Amino acid sequence: MSKYNYIRYLAYFIEILIFYVLEQTPYLLDGIFGVKPLIIISSALSIAMLEKRNISIIFSIFTGFLMDMSLGGYFGFNTIIVLILCYLINILSTDLIKTNLLTSSIVNIVCITIVFTLQFLFLYVFKGYEDQMYAFMNHYLPLIVVSFLVSPLMYLLNKLFFICFRERE
């Protein structure tokens, strides 16, 4: 591996940490629908679309771990979901789909919806809480929408890292 790969991986790592800190800072990103966007999942998905399988797996585990620390619920739940989704996205982007802004947006809306729907099912529905639709409509649905709105920016940022810090011929 060249030094450019290490610089790119370090840039991904710092990016995820910075956006995680921004997500966790109180009153910083509360403007849209009263919820904070989950930016790091879009970052992990875009890395999965651009990088090799091993790098994709490492960053998906790191992102899932950070999500587990911040979102609550069962520890390891988000790590497993993000790992599986990023692995599948990496396989698809390697073999079947062309990686561009449109496919990244489609992948992000599908994956973000899967992640938060599974959280809703395991944290509300299967536990038998009342007012499940209220929780979904007022918490999870706005979170899905707001997280999706930032996903094109994350793809473009990671594409910039991928292009600027690649091996030179």
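These legends accompany several close-up views of a predicted model, beginning with the whole chain and then moving in on single helices and residues.

**Figure 1. The whole protein is built from seven helices and zero strands.** Read from the N terminus, the order of elements is α-α-α-α-α-α-α. The C-alpha trace extends about 60 × 35 × 30 Å along its principal axes. For a chain of 169 residues, a compact globule would have a radius of gyration near 15 Å, and the protein's 16 Å agrees with that. Buried residues account for 44% of the 169 residues. If you are thinking about contact maps, take the contacts between residues at least 6 apart in sequence: 71% of them join residues at least 24 apart.

**Figure 2. Helix H2 sits inside the bundle of its neighbours, with 12 of its 12 residues buried.** The helix covers residues 39-50 and reaches 17 Å from its first C-alpha to its last, close to the 16 Å expected at 1.5 Å a residue. Because 12 of the 12 residues are buried, H2 is largely enclosed by the rest of the structure. The buried residues run from Ile39, Ile40 and Ile41 through Ser42, Ser43, Ala44, Leu45, Ser46, Ile47 and Ala48 to Met49 and Leu50. Who does the covering? The cover includes helix H1 (3-24), helix H3 (53-71) and helix H4 (77-95), together with helix H5 (101-125), helix H6 (132-149) and helix H7 (151-164).

**Figure 3. Here H2 and H4 cross, with axes that come within 7 Å.** The crossing angle is roughly 35°, and H2 passes H4 in a right-handed sense. From the H2 side, Ile41, Ala44, Leu45, Ala48 and Met49 take part, and they meet Val82, Cys86, Ile89, Asn90 and Ser93 of H4. By residue type, this contact holds eight nonpolar, two polar and no charged residues. For orientation while you follow either helix, an α-helix has 3.6 residues a turn, so residues three or four places apart point the same way.

**Figure 4. A closer look at Cys86, a residue of helix H4.** Is this side of H4 buried or exposed at Cys86? Cys86 is buried, since its relative accessible area is 1%, below the 20% cut-off for that class. Leaving aside residues up to four places away in sequence, Cys86 touches Ala44, Leu45 and Ala48, and also Ser56 and Ser60. Ala44, Leu45 and Ala48 are among the H2 residues that meet H4. For a sense of scale, Met69 is 17 residues from Cys86 along the chain, and their C-alpha atoms are separated by 19 Å.

**Figure 5. Val115 in helix H5 is pictured with its contacts.** With 0% relative accessibility, Val115 counts as buried. Beyond residues up to four places away in sequence, Val115 touches Ile41, Met67, Asn78, Ile81 and Leu85. Ile41, one of these partners, is 74 residues away along the chain, yet the two C-alpha atoms are separated by 9.3 Å. Ile41 is also one of the buried residues of H2.

**Figure 6. Leu71 in helix H3 and Tyr74 in the loop between H3 and H4 share this view.** Leu71 is partly exposed at 32% relative accessibility, and Tyr74 is partly exposed at 40%. Apart from residues up to four places away in sequence, Leu71 touches Leu38, Asn78, Phe116 and Gln119. On the same basis, Tyr74 touches Asp68, Phe122, Leu123 and Lys127. Two C-alpha distances help to place the pair: Tyr74 to Gln119 is 9.4 Å across 45 residues of chain, and Leu71 to Phe122 is 13 Å across 51 residues.

**Figure 7. Asp131 in the loop between H5 and H6 closes the set.** What is the phi of Asp131? It is near 55°, a positive value in a residue other than glycine. As background for backbone checks, most residues other than glycine have a negative phi. Asp131 is exposed, with a relative accessible area of 58%.

How values were computed:
Residues are numbered from 1 along each chain as its sequence is written. This is a predicted model: local features need pLDDT of at least 70, side-chain atom pairs count only at pLDDT 80 or more; totals for chains, interfaces and linings use all residues. Side-chain values use heavy atoms; hydrogens and water are left out. Helices (H or I, at least four residues) and strands (E, at least two) are DSSP runs, numbered from the N terminus. The expected span of a helix is 1.5 Å times one less than its number of residues. Buried means under 20% relative accessible area, exposed over 50%, partly exposed in between (1.4 Å probe, protein chains only). Contact means heavy atoms within 4.5 Å. Axes are lines fitted to C-alpha atoms, for helices over the stretch in contact, and angles run from 0 to 180 degrees between N-to-C directions. A crossing is left-handed if the near helix is turned anticlockwise from the far one by less than a right angle, and right-handed if clockwise. Ala, Val, Leu, Ile, Met, Phe, Trp, Tyr, Cys and Pro count as nonpolar, Asp, Glu, Lys and Arg as charged, and the others, Gly among them, as polar. The radius of gyration is taken over C-alpha atoms; the globule rule is 2.2 Å times the number of residues to the power 0.38.
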